[in-house]
There are 2 protein chains.
Amino acid sequence: MVSIEATHQGSTRDRILIAADDLFYRQGFEHTSFAHIAQAVEISRGNFYHHFKSKDEILDAVVERRLAFTGELLKQWEVQARDPVGRIHLFIDLLTRNEKLIVRYGCPVGSLCTELGKLEHAALEQAKQLFSLFRTWLRRQFTSAGCRRGADIWAMQLLARTQGAATLASALQDEQFLGREVSAMHAWVDDVCSRFASPCS
Amino acid sequence: MVSIEATHQGSTRDRILIAADDLFYRQGFEHTSFAHIAQAVEISRGNFYHHFKSKDEILDAVVERRLAFTGELLKQWEVQARDPVGRIHLFIDLLTRNEKLIVRYGCPVGSLCTELGKLEHAALEQAKQLFSLFRTWLRRQFTSAGCRRGADIWAMQLLARTQGAATLASALQDEQFLGREVSAMHAWVDDVCSRFASPCS
DNA sequence: GTCTATATAATGATAGAC
DNA sequence: GTCTATCATTATATAGAC
């Protein structure tokens, strides 16, 4: 994975996108103004319009960037774990790795889609695809694990469970609950894959 | 339950609260301006400040109103169903009764808490109590159903599952998924209460 | 490519007539 | 209790110098 994230280098356009992504997540899209992003990137407000025509265009680019990173992440997991069940566990562990952020701000995907839905923002269609990426990938892992029937159901259930855990944990600021849910999800995956895997593969 | 909701009667203050509640839910708190509310209530913008000192004060009153309605709803369910398991099913059915709205705008409680968290709004503390009301009530039902151990765990799991179902269903605009999750939750409750209920009560 | 103005619109909030 | 008129602030967005 290209580590543009951690550095202060990169083109101004990239730095805008990185700052905007972070602020859209922590403050929400609408509540984040150009002034906020400008302060983070340390450029003037007027400079934005050389790189993006409008705030909506920044959002589009942010979502595109997230889609690209998510795709890379999913590829990584396929290398890190050979067996599909192990890969699903890697997905669940994402909640643990980003624990602090999730307890504070919820899931970046879920909260963005919820906000864009209320704003009736056209970018929701693209943001939804973040879910679709995870959904398709998880479905493939469940199928590979031997769950020929209902792989999409299991994928959606797991996805929903992560959303519920993130929403409730962040609303109540309860990281112990998040940890318990993560453990329960790990156990659930093992249970599902052992119970519903076709004996004759 | 007092049916102020359905009527155009009531004091101006109440009509403001009803319209604000609806708009905060559908459009989000920050995205809803006085102009929006004024148009819905059919009063002038300046008239607001006779009833509320600020927008935040309207939010506080809206949350207080929701807390009161939620309390009434929980009381109703205790009358409608004698057995605790039946009461839990009534809670789950709330997702079905509000299906259209939830698929479109998500859960009113979860999405409000998520937004207020990102805005670092003080009213989050009150909004959280909406979850606490459901949590305490569900815990009591699980306990009454015989689940002496882990009643709070079951309550939180169910609460989280409704949040996940609402978030994902609204993000993907998938009401079939919501329906499937509701069915699965009904089955899950019966399973939990039969497996974990103490034999000797 | 970056900056300093500036235009324009919308917002929350106030003052005062009726 | 409701209205109109207005203020101060903030927001997105533009124009043009360097």
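This short talk walks through a predicted model of two protein chains with DNA strands C and D.

Hi everyone, a few conventions before we start. Residues count from 1 along each chain as its sequence is written, while chains are lettered from A and ligands numbered from 1 in the order in which they are written. Because this is a predicted model, local features need pLDDT of at least 70 and side-chain atom pairs count only at pLDDT 80 or more, while totals for chains, interfaces and linings use all residues; side-chain values use heavy atoms, with hydrogens and water left out.

Let's begin with the two protein chains. How are chain A and chain B related? A turn of 180° with a shift of 0.0 Å along the axis lays chain A on chain B with an RMSD of 0.0 Å. The superposition is by least squares on the C-alpha atoms of residues with pLDDT of at least 70 in both copies. The two copies are thus related as by a two-fold rotation axis. If you want to find that axis on screen, look for Gly164(A): of the residues of chain A, its C-alpha comes closest, at 1.8 Å.

Now the interface itself. Chain A puts 39 residues in contact with 39 residues of chain B, where contact means heavy atoms within 4.5 Å. Together the chains bury about 3200 Å², with 62% of that on carbon and sulfur atoms; buried area here is the accessible area (1.4 Å probe) that two parts lose on being put together, summed over both.

How many salt bridges are there between chain A and chain B? The count is 2, taking a salt bridge as a side-chain nitrogen of Lys or Arg within 4 Å of a carboxyl oxygen of Asp or Glu. One joins the side chains of Glu120(A) and Arg104(B), at 3.9 Å from N to O. That pair runs from the loop between helix 7 and helix 8 of chain A to helix 6 (residues 99-105) of chain B. Arg104(A) and Glu120(B) meet in a salt bridge too, also at 3.9 Å, N to O. Over all chains, a search of the whole structure finds 23 salt bridges.

The interface also has 8 residue pairs in polar contact, both residues at pLDDT 80 or more. A polar contact is a pair of N or O atoms within 3.5 Å; within protein, one must be able to donate a hydrogen and the other to accept it, and residues adjacent in sequence count only if both atoms are side-chain atoms.

Which helix of chain A gives the most to the side that touches chain B? Helix 9 does, with 13 residues. Helices are DSSP runs (H or I, at least four residues), numbered from the N terminus.

On to the DNA, starting with strand C. It has 14 residues around it, and the closest are Thr12(A), Ser44(A), His50(A), Tyr49(B) and Lys55(B); a residue is near a strand if one of its heavy atoms lies within 4 Å of it. Of the strand C atoms within 4 Å of the protein, 71% belong to sugar or phosphate and the rest to bases. Polar side-chain atoms of Thr12(A) and Ser33(B) each lie by a phosphate oxygen of strand C, at 2.9 Å and 3.2 Å. Asn47(A) places a polar side-chain atom 3.1 Å from a sugar or linking oxygen of strand C.

Strand D has 16 residues around it, with Tyr49(A), Lys55(A), Thr12(B), Ser44(B) and His51(B) nearest. Sugar and phosphate make up 65% of the strand D atoms within 4 Å of the protein. Two histidines have polar side-chain atoms by phosphate oxygens of strand D: His51(B) at 3.0 Å and His50(B) at 3.1 Å. Asn47(B) has a side-chain N or O atom 3.1 Å from a sugar or linking oxygen of strand D.

That's my tour, thanks for listening!

Definitions and conventions:
Helices (H or I, at least four residues) and strands (E, at least two) are DSSP runs, numbered from the N terminus.
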